[in-house]
Amino acid sequence: MSTFFLVLLVAVLMSAALAYLMTYLLVFTAWVMGKKKRSARPAKPWTDELSGLKDLLQALYEGKVQGSQALKKFGELLPRHLEKIAIEQGRSISDVLIDVTQMSEVNVSGVQELAREQVKFPGLTEVWVFARRPVDLEKNFYSTVCSNIVERFVQYYYFQSDYQFFNQLRDRLKKDIGNKIDVDNYIHCILLPSLFFLVPGFGLLITEDIRHIKGKTVTRIAEDGTIIQAQDMSPSQIREAYLNLRPFVEQHYHRILPVLEGERPQEPGLYQQISDYSAKVQ
Amino acid sequence: MRLSGKFVILVILGSFLGILVFLGSKNPADLGTPATFFDLVGKVFWKLILTALVLIFAVGFVLALRRIGDFPTEFGRTGSDLNLYGYGIGLSFVFGVVVGRRVLSWIESRELLLLFIVGVLLLSYLLYGINLFLSRRIRELKADYSRGVDSETDLGEVLAIPAGRRLIMWSFFLGFVPTLIIIVADIFSD
């Protein structure tokens with residue numbers, strides 16, 4: 001019996017010693033081989049650490065990579081990215097490629113870009129939002145709304161089908177900036193029939209000089225109606241949107257708003273048709 | 001990882017083995033009956049060292065062969081392979097008993113002998129299963145290892161992190177235990 005336990009003890013001790021020895025022999029071997037490979041290999045450029053397009057875009061945004069370096073990396077990452085999209089969407093590569101190459105304008109904006117654009121937009125005095133589910137309560141956008149109101153005294157006009165969004169926004173703004181500014185003077189809401197909000201929506205950036213007015217039309221929304229993407233409106237679209245919404249703002253808020261260049265006396269527009277169905281909330 | 005400390009340990013272990021080889025170099029294998037206790041210890045140590053060197057060489061040789069031959073290597077399964085070597089040695093002992101060869105002479109009863117050898121074989125099975133579980137844990141260290149650690153680069157990465165090193169060490173330990181039980185038992189027979 002004692003021999004048996006002695007055998008066990010020696011076997012266990014030897015196993016532990018051998019396991020330790022083998023492991024560190026392998027560590028040493030891996031270290032030597034790694035050292036050889038590292039000395040043989042030229043230093044990798046920083047861009048090699050970017051694993052996907054998302055990382056590349058983030059690096060571009062942060063200024064960590066620029067110009068030709070970014071485009072080169074983009075060329076390397078794009079095929080894999082398109083393959084991934086095709087698999088996720090259950091479509092062929094050719095269909096995805098057709099989508100990509102048919103994009104005629106590269107000014108499609110995500111929510112982050114929309115927010116950045118508003119913050120930097122020169123001469124901004126008012127923002128008119130015509131959308132079922134505005135993004136102004138989302139974190140990227142909300143801070144833009146706050147800083148526009150507090151620092152630039154921008155007025156926000158929301159055209160909505162009900163009070164829900166506006167009340168949430170007002171409550172939140174009052175809580176966050178209510179001590180600095182009278183929020184009710186800067187945000188306004190006009191109710192319109194919900195039928196009009198079957199369209200995805202748009203936003204107008206009204207400037208001091210009305211000639212520089214800009215518009216964004218929503219091009220993609222999520223299943224719950226949240227805006228994902230928007231695109232610049234053409235001048236004629238901006239004109240039509242402004243002319244149709246202007247009477248609502250003028251009549252409800254007793255204002256006289258700028259006229260557009262070459263504006264002709266309007267035929268009965270939207271306001272005349274539905275004025276009885278619109279209401280000013282604030 | 002600070003390699004220098006571990007390297008020193010390797011050098012010390014290697015020196016220890018060398019010293020024992022030197023101590024055993026009085027050729028105790030020739031002694032029918034060890035003259036002194038020291039000679040007995042020397043004789044046993046000599047055989048243990050020989051066993052250790054053969055095992056290290058055998059495992060290293062197999063790993064190198066797999067790599068050179070560009071076979072799917074699965075470094076994370078080396079411990080399980082060691083269990084299989086032990087299983088093979090145990091089987092050869094079973095055959096030895098069956099054909100009437102003198103095996104593990106310090107176990108006098110044939111039934112106890114078979115019980116011992118079968119017990120070691122079952123232990124090999126059990127530790128083989130545990131080793132497969134450890135192999136899975138090694139694969140789960142990184143998504144790239146989902147098909148196994150099959151290159152020296154991957155093995156280097158696994159060994160570079162403490163958790164990976166621990167898993168590999170445990171895997172080797174569990175692989176060596178049943179193999180060494182049976183080998184040491186045979187050495188003690190002399």
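Two aromatic rings of Phe, Tyr or Trp are counted here as a pair if their centres lie within 6.5 Å, and a pair whose planes are over 60 degrees apart is called edge-to-face. With that in hand, the structure, which is a predicted model, holds 16 aromatic pairs over all chains.

**Aromatic contacts in chain A**

One of these pairs can be followed in detail: the ring centres of Trp128(A) and Tyr157(A) are 6.3 Å apart and the planes stand at 70°, so this pair is edge-to-face. The two residues come from distant parts of the chain, since Trp128(A) belongs to strand β2 (residues 124–130) of chain A and Tyr157(A) to strand β3 (residues 155–160) of chain A, with their positions 29 residues apart. Are Trp128(A) and Tyr157(A) buried or exposed? Both Trp128(A) and Tyr157(A) are buried.

The pair also belongs to a wider grouping, for Trp128(A) and Tyr157(A) form one aromatic cluster together with Phe130(A), Phe159(A), Phe202(A), Tyr242(A), Phe248(A) and Tyr253(A). Another kind of ring contact involves Tyr142(A), over whose ring the charged end of Arg172(A) sits, 3.8 Å from the ring centre.

**The two chains in outline**

Chain A contains 9 helices and 8 strands, whereas chain B has 6 helices and 0 strands, its elements running α-α-α-α-α-α from the N terminus on. The table sets out burial and long-range contacts for each chain; the last value is the share of contacts with a separation of 6 or more that is accounted for by residues 24 or more positions apart.

| Chain | Residues | Buried residues | Contacts 24 or more positions apart, among those with a separation of 6 or more |
|---|---|---|---|
| Chain A | 282 residues | 40% | 67% |
| Chain B | 190 residues | 41% | 65% |

**A helix pair in chain A**

Helix α5 (residues 111–120) of chain A and helix α6 (residues 139–152) of chain A have axes that come within 9 Å and cross at roughly 5°. Angles under 35 degrees count as roughly parallel, and α5(A) and α6(A) are therefore roughly parallel to each other. On the α5(A) side the contact is made by Val111(A), Gln112(A), Leu114(A), Ala115(A), Gln118(A), Val119(A) and Lys120(A), while α6(A) contributes Asn140(A), Phe141(A), Thr144(A), Ser147(A), Asn148(A) and Arg152(A). By class, the residues of this contact divide into 5 nonpolar, 6 polar and 2 charged.

**A helix pair in chain B**

In chain B, the axes of helix α4 (residues 110–139) and helix α6 (residues 162–187) likewise come within 9 Å, but cross at roughly 170°; α4(B) and α6(B) are therefore roughly antiparallel to each other. Among the residues that meet are Phe116(B), Val120(B), Leu127(B) and Leu134(B) in α4(B), and Leu167(B), Trp170(B), Leu174(B) and Ile181(B) in α6(B). The contact of α4(B) with α6(B) has 17 nonpolar, 4 polar and 1 charged residues.

Which residues does Thr179(B) touch, not counting residues up to four places away in sequence? Thr179(B), whose place is in helix α6 of chain B, touches Leu55(B), Leu82(B), Gly86(B) and Ile89(B) on that count. Its relative accessible area is 2%, and because buried means under 20% relative accessible area, Thr179(B) is classed as buried.

Note on methods: Residues numbered from 1 in each chain as written. Chains lettered and ligands numbered in written order. Predicted model: local features only at pLDDT ≥ 70, side-chain atom pairs only at ≥ 80, totals over all residues. Heavy atoms only, no water. Phe/Tyr/Trp six-rings, centres within 6.5 Å; stacked < 30°, edge-to-face > 60°. Helix = DSSP H or I, 4+ residues; strand = E, 2+ residues; numbered from the N terminus. Buried < 20%, exposed > 50% of the residue type's maximum accessible area, 1.4 Å probe, protein only. Lys NZ or Arg CZ within 6 Å of the ring centre and 35° of its normal. Axes fitted to C-alpha atoms, helices over the stretch in contact; angles between N-to-C directions. Parallel < 35°, antiparallel > 145°, perpendicular 65-115°, else oblique. Contact = heavy atoms within 4.5 Å. Nonpolar A, V, L, I, M, F, W, Y, C, P; charged D, E, K, R; others polar.
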